[in-house]
Amino acid sequence: MADQPADKKFFENLSGAGKAIGVLTSGGDAQGMNAAVRAVVRMGIYVEAKVYFIYEGYQGMVDGGDNIVEVSWESVSSILQVGGTVIGSARCKEFRTREGRLKAAFNLIQRGITNLCVIGGDGSLTGANLFREEWSGLLEELAQSGKIEEEAVKKYVYLNIVGMVGSIDNDFCGTDMTIGTDSALHRIIEVVDAIMTTAQSHQRTFVLEVMGRHCGYLALVSALACGADWVFIPEYPPEEGWEDQMCVKLSENRARKKRLNIIIVAEGAIDSHNKSITSEKVKDLVVQQLGFDTRVTILGHVQRGGTPSAFDRILASRMGVEAVLALLEATADTPACVVSLSGNQAVRLPLMECVQMTQEVQKAMDERKFCEAVRLRGRSFENNLNTYKLLSHRKPDTELPKDHLSCSTNFNVAVLNVGAPAAGMNAAVRSAVRVGITEGHNMFAVIDGFEGFANGQIKEISWRDVGGWTGQGGSLLGTKRALPAKYLEKIADQMRTNNINALMVIGGFEAFESCLQLAEARARFEEFCIPICVLPATISNNVPGTDLSIGADTALNAIVETCDRIKQSASGTKRRVFIIETMGGYCGYLANMGGLAAGADAAYIFEEKFDIRELQANVEHLTEKMKTSIQRGLVLRNENSNENYTTDFIYQLYSEEGKGVFDCRKNVLGHMQQGGAPSPFDRNFGTKISAKAIQWISKKLRETYRRGKVFANTEDSVCLLGMRRRNLLFQPVVELKDQADFVHRIPKEQWWLKLRPLMKILAKYKTSYDVSDSGQLEHVARHSPKEAETGAI
């Protein structure tokens, strides 16, 4: 490894030789736990540590015997796509007693396990921390009673604990997302989408009860993702008189010809006096006051079930690898830590700081300090709530005098989609229109991108026009790849004719390039001297200035779901390798992340050059794999990864070289990756960043409005709103120009390439992995209310 830079830290220098790691799942199950278990086992074995399953959580640790078993690489094959936890989870009263913990310590010492990876909720992690604190005392007690030798006390002097939070409620402070939350949202949204069709048929009101005894995250995000009429969450109880307010809103919506009403209730919802609000109570209220045909649906354990989403698989895999790194680096002085997600960064936080903050939320709610409870939940939760408030603020047109709004100048704001359709575009348009109207603007929709703009396909769009758009895939406004350069004069005419004061462009690389062209044309056309904002929306995730784009998550789920089915089709046929082509242009995001989420053996991408030697090495690797109990292979190829090594070429090469060992099948996924209903993440991400963009546009309009006219010609008045590491940032497109490769239409630097070694490690390839970003134990950030405005998603 002589070519490794001196300032970087590589995990090859960390050895697990002589160490034993125990992995357990505890508390309520959550989709993605198996992906975390798989990552811990494979990373542990990769660094030459022994890894043990501890079956049935703490109960298995206390009972010992066959509940603690050393595992092999093959032990975790085919569990990535399985929901729940294959090693079982159980509540254990005995572990809560010192006697129980004494038994657990003895059972671990018998196998030399002094590193524990605990996947569970705050209760499970608190128990693990207590166990760690008592460890040396427990060992001395075991030695005094003659159960272990004095040598063992010296040899196994301290216990290392690393936690990962598996909880569908997302109720743990310190992490933006817990393992299982995204999958639970998938289950909720699937049900909501299905219910909407029947509710519209009968003009019904549906009251949906979702999980979340102490945390309203699932209810809040699903309300945002489906455009619910009302939501009840424990952290933000409704004001006094909410019963009348809700009924007025429902009847107004019905009067505006809305055929269905959706009300979402978290199971732990309360009013401002800490009294429970149940789904039945809400239903009875609607029936008594309005006489609407109303039904209750309690989702229950459906939310915990099913296959994990692509997001949860990637999150759990990243966390599992990070957990093993944390255990390898731990010393006697290292506090028990929890691996968390902040933005798209994996971070380590002191476990008890997170637990303490989580308990403070409950304390604040008990004391009816609800603003404090929301703040303690973190920036992500607070942003969700602020966006929901913005979107539910609207009253009927007759009751909205213009003078009560922040802008009374009747600015005209146009919204258009550019490039290929991406799931979540419609959610972004809906959010822009409704927040724009709330801010006092007249909102205009441009049909068919810049081509439609040039042809005058512009119409004013109302609050009602975008009803039900969040769950619609594709682009309802229509979208074209045409750039504005050849239509500049016509577009300027249309902007003058319609008096357009600001522009929101939702799309992929074309949208970024379009706004760059408009910014550069300002010297010739004064009409373009207005605030312009780009929202990245493309399945390829290839826009400079953002780590994530609207639509990429939905496409990733489509790929992973297809890979699962394809792998399943081989369950009756041994020794088969599947070669699958994904979209993405020259950007390998979908192939790489799809490979990580689906458990692929290889993923060929444009960003990482490969040659015939690497293809041959992959074939040899698969040949060796076929000698084990895992007789199935999966290879992904990005569509433009190499002009000579096409999907057909790779398929023929593998078929020829694998003769007598395995046979091959190929599959080109094509446009199915662009279709389908948007995932909860894309609905939510589109909704939130669009609301934030409109607020930025409003601010710029006020700043640049002089003598009855908007005039904005500074670089910072044409921005792209992107997520960078942990924050949402407005970045001038002119500054992003240097970060773009215009020939291949990709950013010059891409964060996800750092995750590429993970896929290789988990597929048993020797590789180098830069862990310079890891290893630093951070502290839980307590943010001020202002931070939420600029903060994470």
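Which residues of helix 8 are buried?

1. Basis. This is a predicted model, where local features need pLDDT of at least 70, side-chain atom pairs count only at pLDDT 80 or more, and totals for chains, interfaces and linings use all residues. Numbering starts from 1 along each chain as its sequence is written, and side-chain values use heavy atoms, without hydrogens and water.

2. Helix 8. Trp242, Met246, Cys247, Lys249, Leu250, Asn253 and Arg254 are buried (under 20% relative accessible area, 1.4 Å probe, protein chains only). Down the helix axis they fall within an arc of 160° (directions from the axis to the C-beta atoms), so they line one face of helix 8. Their packing partners are strand 6 (205-210), strand 7 (230-232), strand 8 (261-266) and helix 9 (279-290). Helices (H or I, at least four residues) and strands (E, at least two) are DSSP runs, numbered from the N terminus.

3. After helix 8. Lys257 follows helix 8 and has a positive phi, near 70°.

4. Gln345. This residue lies in strand 11 (residues 345-350). Gln345 is buried, at 13% relative accessible area. Beyond neighbours within four places in sequence, Gln345 is in contact with Arg318, Ser340, Arg725 and Arg726 (heavy atoms within 4.5 Å).

5. Cores. The largest nonpolar core (buried Ala, Val, Leu, Ile, Met, Phe, Trp, Tyr and Cys joined through side-chain atoms within 4.5 Å) has 191 residues, of which Met164, Ile264 and Leu503 touch the most other members. Helix 10 (residues 310-329) gives the largest share of this core, 13 residues. Apart from it lies another core, of 51 residues, including Ala20 and Val780.

How values were computed. Buried means under 20% relative accessible area, exposed over 50%, partly exposed in between (1.4 Å probe, protein chains only).
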